[in-house]
Amino acid sequence: MKLNMAEEEDYMSDSFINIQEDIRPGVPMLRQIREARRKEERQQEANLRNRQKSTKEEERERRDMGLKNALGCENKGFALLQKMGYKSGQALGKSGDGIVEPIPLHVKTGKSGLGHESLLKRKAEERLENYRRKIHMKNQNEAKAAEQFRMRLKNKQDEMRLEGDLRRSQRACQQLDTQKNIQVPREAWYWLRPEEETEEEEEEEQDEDEHMSEDMSALEKLQILTGYLREEHLYCIWCGTAFEDKEDLSSNCPGPTSADHD
């Protein structure tokens, strides 16, 4: 017994008096935060229990409760309908094709005037229509620009093809005229310009060609020159053949243009 009493510690001993508090950093602060949060939650719950409902909230609750309940015989309007043969759940109308549920109630809670919502809706529809119109115009402009680009590219390709056909015709005309001992072309542009010319002759011929190019396009020159080749030499540049006579030319050549040979 004495041993047990000796083992028990005295409450006035240093082991109880000199106990050090937990001074780890952050521990007291966490406890204070938890206590403040619990106190705030309890205060909010108390405020919710003791809060007085506003007039609008009470009106809304009464209105919702009234709309949820069906009309009874105590309602004068419903009593008149029953006298006219109406039964609960039946559609209105003599043939029974009317509405079954009452017209829904839409309560206006905002401060805007009547028709303001329809005005906002109309303006939103107008903005949407303007946006769609802009997108449509943008798509049309892009399609038009793409079509114009394709046309320019096609025109450039056609122009290059015409110029190539014209050079072939000039080269063929020069060779065929030379074979017939024709020393001077009927028109200066009927032949290709020789590579070696004096400066004077080159300037004169260049001026003449520039004057001719102002008067005629490559297509017009090609038409005139191919006509000359067919008439004078019975030759077609697209067939690449010199025919024996006009009858042979008309019978075996599809036509005087490149499109006829496609």
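Leu234 sits in the loop between α8 and β1, the strand at residues 235-236. Keep in mind as you look at it that this is a predicted model. The backbone here does something a bit unusual: phi of Leu234 is near 55°, a positive value in a residue other than glycine. Most residues other than glycine have a negative phi. And is Leu234 buried or exposed? Its relative accessible area is 14%, and because the cut-off for buried is under 20%, Leu234 counts as buried.

There's another residue with this kind of backbone angle, Asn181, whose phi is near 60°, again a positive value in a residue other than glycine. Asn181 is in a loop too, the one between α6 and α7, with α7 covering 199-215. Its surroundings are another matter: with a relative accessible area of 62%, Asn181 is exposed, whereas Leu234 is buried.

Now step back along the chain into helix α6, which runs over residues 116-179. Part of this helix carries a label from a record: an unreviewed UniProt entry lists residues 121-159 as a "coiled-coil region". What does the model show for that span? Residues 121-159 are 100% helix and 0% strand, and the C-alpha atoms at the two ends lie 56 Å apart.

Helix α6 is also a good place to go looking for charge pairs. Side chains of opposite charge can pair when their charged atoms come close. Take Glu147 and Arg150, whose side chains meet in a salt bridge at 2.6 Å, N to O. The two are three residues apart in helix α6, about one turn of the helix. Glu147 is partly exposed at 38% relative accessible area, and Arg150 is partly exposed as well, at 47%.

Further along, Asp158 forms a salt bridge with Lys154, and here the closest N and O atoms are 3.1 Å apart. This pair, also in helix α6, is spaced four residues apart, again about one turn. Asp158 comes out at 22% relative accessibility; partly exposed begins where buried, under 20%, ends, so Asp158 counts as partly exposed. Lys154 is partly exposed too, at 45%. The pair isn't on its own, either: Lys154, Asp158 and Arg161 are linked in a network of salt bridges.

Not every charge pair stays inside one helix. Which residue does Glu231 pair with? Its side chain meets that of Lys246 in a salt bridge, 3.1 Å from N to O. Glu231 lies in helix α8 (residues 218-232) and Lys246 in helix α9 (residues 246-252), so this pair ties together parts that are 15 residues apart in sequence. Glu231 is exposed, with 53% relative accessibility. In total, the count for the model comes to seven salt bridges.

To finish, go back to helix α6 and find Gln170. Is this residue buried or exposed? Gln170 is buried, with a relative accessible area of 11%. What does Gln170 touch, leaving out residues up to four places away in sequence? The list is Trp189, Tyr190, Trp191, Leu192 and Leu225. If you display those side chains around Gln170, you can see the contacts for yourself.

Conventions: Residues numbered from 1 in each chain as written. Predicted model: local features only at pLDDT ≥ 70, side-chain atom pairs only at ≥ 80, totals over all residues. Heavy atoms only, no water. Buried < 20%, exposed > 50% of the residue type's maximum accessible area, 1.4 Å probe, protein only. Contact = heavy atoms within 4.5 Å. Salt bridge = Lys/Arg side-chain N within 4 Å of Asp/Glu carboxyl O. UniProt positions renumbered as here; feature names shortened; annotations may be inferred.
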